[in-house]
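The exercises below are meant to be worked with the sequence and the coordinates open side by side. Try each task before reading the solution that follows.

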Amino acid sequence: MTSEILLKYFPEITPEQLQQFEQLPDLYTHWNNQINVISRKDIDQLYERHVLHSLGIAKVMTFKPGEKVLDVGTGGGFPGVPLAIMFPQTQFHLVDSIGKKIKVVTEVASALGLQNLQATHARAEQINDKFDFVVSRAVTRLKEFYPWVKDKFNKQSANVLPNGILYLKGGDLNEEIAESGLAVQQFYLKNYFDEEFFETKQVIYVKV
């Protein structure tokens, strides 16, 4: 699968952004051979299962210039790296408790020349800054995730959705949402992307 899938769903991306996206497979193949951050079988499906999946958040939310976004448990840089490419005027802070994964993020961001991304080896609870949005991809159940980040938000909102969490999850989430006790909004990625992979994928939005 080539980068053309990105143009299919995001025709507005610039040539520079496309060039950055096109560097991702080689960069992740290189780093994955040294530090395994993406399953071997997924590396061939990078655009669909990692890049486009991350950009599902961009279908729900257009981040504004100057807004600050925290990516919790970013792993090898998803969803934070694709979102940082897509929104170059927005500041992204990617955190993960596993240092070797943050090394990959740092190296990838440096190779891409991303000026709007910083990466920190830390747990979410250790980050003292305030953000407009928190993003994440299936790190843990909502009930466990929410306490990590609930105090990390700016009070003033300036976007279409008020400041909150945008969480990529898959499968039947009814039980998990009920267990969390949170009021959520569910955005189904099958409404934005045609590929079968997205049939059960969602962006869960939680206002804080």
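**Exercise 1.** Is Ile204 buried or exposed, and what is its relative accessible area?

Solution. Keep in mind throughout that this is a predicted model. Begin by locating the residue: Ile204 is found in strand S7. Its relative accessible area is 0%, and since buried means under 20%, Ile204 is buried. Next, list the contacts, leaving out residues up to four places away in sequence: Ile204 touches Leu142, Ile165, Leu166, Tyr167, Lys169, Leu173, Ile177, Val184, Gln185 and Gln186. Take one of these partners, Ile177, which is 27 residues away from Ile204 along the chain, with 9.3 Å between the two C-alpha atoms.

**Exercise 2.** Determine where Val206 and Lys169 lie, and compile the contacts of each.

Solution. Val206 lies in strand S7, which covers residues 201-207, and with a relative accessible area of 1% Val206 is buried. Beyond its neighbours within four places in sequence, Val206 is in contact with Leu142, Tyr146, Gly164, Ile165, Leu182, Ala183 and Val184. Turning to Lys169, this residue belongs to strand S5 (residues 164-170); its relative accessible area is 10%, and Lys169 is therefore classed as buried. Not counting residues up to four places away in sequence, the contacts of Lys169 are Ala138, Thr140, Arg141, Glu176, Thr200, Lys201, Gln202 and Ile204.

**Exercise 3.** Which residues of the largest nonpolar core touch the most other members?

Solution. The largest nonpolar core holds 53 residues, and those touching the most other members are Leu24, Tyr28, Phe63, Val81 and Leu166. Helix H4, residues 46-60, supplies the largest share of this core, namely 8 residues. To see how one member is placed, follow Leu24, which, apart from its neighbours within four places in sequence, is in contact with Leu46, Val51, Val81, Ile85, Val108 and Leu112. There is also a second, separate core of 19 residues, and Val95, Phe131, Phe145 and Ile204 are among its members.

**Exercise 4.** Describe the aromatic pair of Tyr28 and Phe78, and explain which parts of the chain it ties together.

Solution. A pair of aromatic rings is described by the distance of the centres and the angle of the planes. For Tyr28 and Phe78 the centres are 5.0 Å apart and the planes make an angle of 35°, a geometry that counts as tilted. Now place the partners: Tyr28 lies in helix H2 (residues 15-34), whereas Phe78 lies in the loop between strand S1 (68-72) and helix H5 (80-86), so the pair ties together parts that are 50 residues apart in sequence. Both partners are buried. In the whole structure a search finds 10 aromatic pairs, and ring pairs also link Tyr9, Phe10, Phe193, Phe197 and Phe198 into a cluster.

**Exercise 5.** Examine the backbone at Pro79 and at Ala138.

Solution. Most residues other than glycine have a negative phi, and most peptide bonds are trans. Against that background, the peptide bond from Phe78 to Pro79 is cis, with omega near 10°, and Pro79 is in the loop between S1 and H5. At Ala138 the phi angle is near 50°, a positive value in a residue other than glycine. Ala138 lies in the loop between strand S4 (133-137) and helix H7 (142-149), and with 48% relative accessibility Ala138 counts as partly exposed.

**Exercise 6.** How many residues line the largest pocket, and which of them lie nearest its centre?

Solution. The lining consists of 23 residues, with Gly73, Thr74, Gly75, Asp96 and Val139 lying nearest the centre of the pocket. The space in this largest pocket is about 330 Å³. Sorted by character, the lining residues comprise 10 nonpolar, 7 polar and 6 charged.

**Exercise 7.** Give the environment of Asn32 and its separation from Val206.

Solution. Asn32 lies in helix H2, and its relative accessible area of 3% makes Asn32 buried. Not counting residues up to four places away in sequence, Asn32 touches Val37, Ile38, Arg40 and Ile43. Between Val206 and Asn32 there are 33 Å from C-alpha to C-alpha, for residues 174 apart along the chain, while Asn32 and Leu83, 51 residues apart in sequence, are 20 Å apart by their C-alpha atoms.

Conventions. Residues are numbered from 1 along each chain as its sequence is written. This is a predicted model: local features need pLDDT of at least 70, side-chain atom pairs count only at pLDDT 80 or more; totals for chains, interfaces and linings use all residues. Side-chain values use heavy atoms; hydrogens and water are left out. A nonpolar core is a set of buried Ala, Val, Leu, Ile, Met, Phe, Trp, Tyr and Cys residues joined through side-chain atoms within 4.5 Å. Buried means under 20% relative accessible area, exposed over 50%, partly exposed in between (1.4 Å probe, protein chains only). Helices (H or I, at least four residues) and strands (E, at least two) are DSSP runs, numbered from the N terminus. Contact means heavy atoms within 4.5 Å. On a 1 Å grid over the protein atoms alone, a cavity is a set of points where a 1.4 Å probe fits but cannot get out, and a pocket is an open set with protein on both sides within 12 Å along at least five of seven lines; lining residues have an atom within 4 Å of a point. Grid points are joined across faces, edges and corners, and a volume is the space filled by probe spheres set on the points. Ala, Val, Leu, Ile, Met, Phe, Trp, Tyr, Cys and Pro count as nonpolar, Asp, Glu, Lys and Arg as charged, and the others, Gly among them, as polar. Rings of Phe, Tyr and Trp (its six-membered ring) pair if their centres lie within 6.5 Å; planes under 30 degrees apart count as stacked, over 60 as edge-to-face and the rest as tilted.
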